[in-house]
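Trainee: I'd like to learn how to read the surroundings of a ligand. Where do we start?
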Amino acid sequence: MLKNLTDTVLLSPSIIAADLSLLGSFVSSCDRSYIHLLHIDVMDGNFVPNITIGPGYIHNLKQHTDIPLDIHLMIEKPELSLQSFIDCTPYFLTIHYESTRQPVRLLKLIKDSGLKAGISINPSTPIESLYDILEYTDMVLVMSVEPGFYGQKFIPSSLKRIEKLNTFIIEHSLDVVIQVDGGINEDTIADVVKAGARIIVAGSSVFKSANFNAQAKKLLEIAKKAIV
Ligand code: DX5
Ligand code: ZN
């Protein structure tokens, strides 16, 4: 899935923007041609003020789809429950840089389990904080809103952060893809792709739409045109 991402874009719609009581039917009607990954936001009411779902729920949800999962852990001390999320066998498992004192150990654990490891970074954390640990990760998730809720406005300085990170990745020939998450819609998607993001999370702009497959297709078309 990660091959040739310089030439294309993957869409990872965030299911927390859908009706959480109906997720099974939402995910089973997703069209794989436009919805390449399902972004699952796990929140603990501690690292972020909101609480969503856990590993048991994710296991049940998997029965309703074969779209690969992209789990975004917004939980304090992910080391305490990491194995239970590894056992969900997502395609990506992402931890937050700010949530643990041992990101390298956790990234290695995820990779050694045969999954793709991601590290996410909040808007207020200097992007350079990640430079020394990029070799341990497959993906960097650049948050373009404060984590915690869908439907927030894109923070414009995220573009410079993505550009800076992308330049560093290219200059050092690193095998790391950039994901962006928060406030992505028809107005912001082209700019994040131009800046270097290749996996695009979109919550409300996909799942608040009556025809979410058509909306995903539309976003993807805009994104693909923006590849430079
Ligand atoms: C925010 C979550 C995002 C969010 C995206 O903490 O990580 O994935 O659901 O939703 P939108 O696209 O509506 O900002
Ligand atoms: Zn997310």
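Mentor: With the vocabulary: strands (E, at least two residues) and helices (H or I, at least four) are DSSP runs, numbered from the N terminus. This is a predicted model, where local features need pLDDT of at least 70, side-chain atom pairs count only at pLDDT 80 or more, totals for chains, interfaces and linings use all residues, and side-chain values use heavy atoms, without hydrogens and water. Residues count from 1 along each chain as its sequence is written, while chains are lettered from A and ligands numbered from 1 in the order written.

Trainee: Which strand gives the most to the shell around ligand 1?

Mentor: That's β2, with three residues. β2 (38-43), β3 (69-74) and β8 (199-202) each bring at least two.

Trainee: How many residues surround ligand 1?

Mentor: A residue is near a molecule if one of its heavy atoms lies within 4 Å of it. Here 20 residues surround ligand 1, with D41, G148, D181, G203 and S204 the closest. The shell has nine nonpolar residues, nine polar and two charged; Asp, Glu, Lys and Arg count as charged, Ala, Val, Leu, Ile, Met, Phe, Trp, Tyr, Cys and Pro as nonpolar, and the others, Gly among them, as polar.

Trainee: What about polar contacts?

Mentor: Those are pairs of N or O atoms within 3.5 Å. The side chain of S204 has an N or O atom 2.5 Å from an oxygen atom of ligand 1. For G183, a backbone N or O atom is 2.8 Å from a ligand 1 oxygen, and for H39 a polar side-chain atom lies 3.4 Å from one.

Trainee: How much of ligand 1 does the protein cover?

Mentor: By the Shrake-Rupley method with a 1.4 Å probe, 99% of the 380 Å² of accessible area that ligand 1 has on its own.

Technical notes:
Polar contact = N/O pair within 3.5 Å; in protein donor to acceptor, adjacent residues only side chain to side chain.
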